[in-house]
Amino acid sequence: MYKYSMETLAPIFEKWRGLLRLRESWDVRLELIDDPEFRKTGDFKIDPNDRKAILMLNAQNPRRENPEEVICHELMHLKMYPLDQLTEGLILSQYEEGTPEYRAVYRQFMEHLEITVEELTKCWLVAFGGDKELSFGRCREMKSFDELFDGLKPL
């Protein structure tokens with residue numbers, strides 16, 4: 001199990017705020033969450049009107065080994081926040097919230113947003129990361145291919 005500490009994370013956080021030019025556009029604070037109910041590795045609270053955000057990282061049980069990758073990934077979400085909000089607004093203008101159509105389109109948008117943020121994170125990590133090692137914590141939680149299809153008879 002991995003644990004994050006402010007001593008380890010603060011310099012990494014400041015480095016990536018600078019690289020992603022977020023110091024100029026957002027006031028961002030880093031907080032470690034010590035609550036066992038907090039299941040995510042990272043999340044944000046965002047006030048878009050005041051351009052303030054709190055990056056919350058799971059101090060007890062992060063699912064990723066490389067804190068630099070996590071911080072870059074989460075800050076990349078903040079960098080893409082205007083596009084995220086525009087797209088969500090367009091979805092809401094076309095689909096009634098809670099309908100199957102809304103859920104399908106919104107799920108696809110969120111999946112593509114996450115894939116895009118993850119791909120950008122990998123690129124930036126390779127170019128500017130001190131620790132370029134990718135985390136495989138989420139893969140460890142997944143079932144293997146054989147486990148997924150165990151018990152199915154071949155055609």
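A residue counts as buried when its relative accessible area is under 20%, as exposed when that area is over 50%, and as partly exposed in between. These terms are applied below to a predicted model.

**Helix 2**

Helix 2 covers residues 67-79. Of its 13 residues, 12 are buried, so by the under 20% cut-off the helix is mostly covered. The buried set runs through Pro67, Glu68, Glu69, Val70, Ile71, Cys72, His73, Glu74, Leu75, Met76, His77 and Leu78. Charged residues are among them, including Glu68, Glu69 and Glu74.

What do the buried residues of helix 2 pack against? Their partners are helix 1 (6-19), strand 1 (27-33), strand 2 (42-47), strand 3 (52-58), helix 3 and helix 4 (100-128).

From its first C-alpha to its last, helix 2 reaches 18 Å, close to the 18 Å expected at 1.5 Å a residue. At the start of the helix, a side-chain oxygen of Asn66 comes to within 2.9 Å of the backbone nitrogen of Glu68.

**Helix 3**

Helix 3 spans residues 81-94 and contains Leu90. Together with Leu83 and Leu86, Leu90 forms a nonpolar patch on the surface, and the three have about 300 Å² of accessible area together.

Pro82 is also placed in helix 3. Pro82 counts as partly exposed because its relative accessibility is 47%. Its C-alpha is 8.8 Å from that of Pro48, although the two prolines are 34 residues apart in sequence.

**Salt bridges**

Side chains of opposite charge can pair when their charged atoms come close. The model has eight salt bridges, counted with a cut-off of 4 Å between nitrogen and oxygen. The table gives three of the eight.

| Pair | Closest N to O distance |
|---|---|
| Glu14 and Arg23 | 3.6 Å |
| Arg29 and Glu31 | 2.7 Å |
| Glu111 and Arg107 | 3.5 Å |

Glu14 and Arg23 also belong to a network of salt bridges that includes Arg17. Glu14 has a relative accessible area of 31% and is therefore partly exposed; Arg23, at 42%, is partly exposed too.

In the second pair, Arg29 is partly exposed at 47% relative accessibility, and Glu31 is partly exposed at 27%.

Where do Glu111 and Arg107 lie? Both are in helix 4, four residues apart, which is about one turn of the helix. Glu111 is partly exposed with a relative accessible area of 42%, and Arg107 is partly exposed at 46%.

How values were computed:
Residues numbered from 1 in each chain as written. Predicted model: local features only at pLDDT ≥ 70, side-chain atom pairs only at ≥ 80, totals over all residues. Heavy atoms only, no water. Patch = residues over 30% accessible without salt bridge, like charges linked within 9 Å, V, L, I, M, F, W, Y side chains within 5 Å. Areas by Shrake-Rupley, 256 points an atom, 1.4 Å probe, with all protein chains shown as cover. Salt bridge = Lys/Arg side-chain N within 4 Å of Asp/Glu carboxyl O. Helix = DSSP H or I, 4+ residues; strand = E, 2+ residues; numbered from the N terminus. Expected span 1.5 Å × (residues − 1). Buried < 20%, exposed > 50% of the residue type's maximum accessible area, 1.4 Å probe, protein only. Contact = heavy atoms within 4.5 Å. Polar contact = N/O pair within 3.5 Å; in protein donor to acceptor, adjacent residues only side chain to side chain.
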